[in-house]
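Reader: Please walk me through this model, element by element. Keep the answers short.

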Amino acid sequence: MVRVGIPRALSYYQYYPGWKAFFEALGADTVVSPPTNKAIFTAGNSRAVAETCLPVKLFFGHVISLADKCDYMFIPALRSLGQKAYYCSKFIGLPDMTKALVPECPPVLDPEIDLNKGRSSLHHAIYSLGCHFSSDKSKIKKAVEQAEKAHLAYRKEMSDRGITPIQALDEMHRDEDKSYLEPDISPALSVAVIGHQYVIYEDYINHRLISRLQTMGVRVLTPEMAEQESLDIAMTRLGGAPHWSFEADIIGAGEHYLETKVDGIISVAVFGCGPDSMMVDMVRHRASEFRTPFLHLSLDEHTSEGGLLTRLEAFLDMVRRRRRVCA
Ligand code: SF4
C-alpha cells in the first residue's frame, strides 16, 4: 500500500482527520510523525535559517523523521481558506522550503489551496492530488466527500464535547473507555487559551501548558471548543473581515470567551511572529476593557519550564484574587 507521510505540525492539528479520510478512501495509508521530541527539535533547528519561526523549524524536523517511512510527503501550499483571508507566507512557501532544506524528503504532494481563486481552482487542485492514487473520477469525488464529512465531524466533536484536538485525535485511535475525554465542569476557574493550534497543542515547546493548567484546577477553554460560527461572528464584529486565515482562532476566540465571561485569558505565540503580535494586542486591549486578567506567553527555543510555571502561578493567583473581589 502507498504510504503518505503527514508531519505532526502546523496544519496537522486542524485538518488531519479530513486528510486521512481522503487518502484512505483512495486506498493509501497515512503515516504521522511522532509527537515532537528532542531529536525532531534538533533536526529541524539544524536545517532552518535562524530567522525561521519555531513552528516551521519543528515542521522540518517532523519531515525528516518521516522521510524514510513513506512514499510521498503531503505538504499542501495553504494560501487562503476564505475570501481575502490569507495564510502567512511561511505556509505558502512550505513545500518549496521543504524541498530545498530536506533533500532526503520523498516526492512532495503539494496542492495549492487558495479559495480566492474560486472553488473550481480548489476542486482542480484536489482532483490532481487524487490522480496520484486513482484515475477514477467518481472515486476521487467520493474521497473528497469523505474528507469533508470527517473534517466536519472532528470540528463538531470538539465544540460539542469541549475537548481539544489532541483528545479528539487520540480518540480516533482508541476504542477503550472514553470517559477520560469528558470535560471537567467542576474546576473553580475558567481560562481561555488562545493561539495557533500548532503552538497551544505543541507540548514540547509550551511545556505541557494545557495539561498543566488542568492539573492546577483550571477549566481550560480553547478556540476549537467553541463553534466555528461563533468565532467567525465575534471576529467580524470586532475587527471586520479577517485578513489572516487564523484570525478567528485568536481575535475571534478572545472576543468570544471574553463575552462569555471567562476568568482569564492566556494568549500563546512564538517569538518573532509578525501576524500574531498585532492580533494579540487587539485581544489584550479588549481584555482590559472587560477588566479580565490577561497573560501573554511568547515562546522560543529557550523558554524555560521553570520560568513559564512561575508566570502561570502568578497569573492564576491574580485571577483568583480578582474573582474573590468581584464575588
Ligand atoms: S503565523 Fe507566525 S508562527 Fe505561524 S507560521 Fe507564520 S510566522 Fe510562524
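**Ligand shell, sheets and loops**

Author: The shell around the ligand holds nine nonpolar residues, one polar and one charged. Here Ala, Val, Leu, Ile, Met, Phe, Trp, Tyr, Cys and Pro count as nonpolar, Asp, Glu, Lys and Arg as charged, and the others, Gly among them, as polar. This is a predicted model: local features need pLDDT of at least 70, side-chain atom pairs count only at pLDDT 80 or more, and totals for chains, interfaces and linings use all residues. Residues are numbered from 1 along each chain as its sequence is written, and side-chain values use heavy atoms, with hydrogens and water left out.

Reader: Which elements give two or more residues to the shell around the ligand?

Author: A residue is near the ligand if one of its heavy atoms lies within 4 Å of it. The residues around the ligand are Cys-53, Pro-55, Val-56, Cys-88, Lys-90, Phe-91, His-196, Tyr-198, Phe-246, Val-270 and Cys-273. Two or more of these come from each of helix H3 (54-66) and helix H4 (89-92).

Reader: How confident is the predictor in the chain, and where does pLDDT stay under 50?

Author: pLDDT is the predictor's confidence in each residue, from 0 to 100. The protein chain averages 89, and 95% of the residues score at least 70. pLDDT stays under 50 over residues 175-186.

Reader: Which strands stand at the edges of the open sheet of four strands?

Author: Helices (H or I, at least four residues) and strands (E, at least two) are DSSP runs, numbered from the N terminus. Two strands pair if DSSP finds at least two bridges between them. The sheet has the order E9-E8-E10-E11, with parallel pairing. Each edge strand has a single partner, so one side is left without a neighbour in the sheet: these are E9 (218-221) and E11 (294-299).

Reader: Which residue stands opposite Leu-189 in E9?

Author: Strand E8 covers residues 189-194. E8 and E9 pair in the parallel sense over four bridges. Opposite Leu-189 in E9 stands Val-218.

Reader: At what angle to E11 does helix H15 run?

Author: Axes are lines fitted to C-alpha atoms, for helices over the stretch in contact, and angles run from 0 to 180 degrees between N-to-C directions. Helix H14 (residues 274-290) lies across E8, strand E10 (264-270) and E11, at about 165° to E11. Helix H15 (residues 305-326) lies across E8, E9, E10 and E11, and its angle to E11 is about 170°.

Reader: Is Glu-255 buried or exposed?

Author: Glu-255 is found in helix H13 (residues 247-259). Contact means heavy atoms within 4.5 Å; leaving aside neighbours within four places in sequence, Glu-255 contacts Ala-234, Leu-238, Arg-286 and Phe-290. Buried means under 20% relative accessible area, exposed over 50%, partly exposed in between (1.4 Å probe, protein chains only). At 4% relative accessibility, Glu-255 is buried.

Reader: Which residue is the bridge partner of Gly-82 in E5?

Author: Strand E4 (residues 77-82) pairs in the parallel sense with strand E7 (residues 112-114) over three bridges. Two bridges join E4 to strand E5 (residues 85-86), and this pair runs antiparallel. In E5, the partner of Gly-82 is Ala-85.

Reader: What is the phi of Lys-261, and what is that of Arg-291?

Author: Most residues other than glycine have a negative phi. Lys-261 is found in the loop between H13 and E10 and is exposed at 60%. Arg-291 is in the loop between H14 and E11 and is exposed at 65%. Phi is positive at Lys-261, about 65°, and at Arg-291, about 55°.
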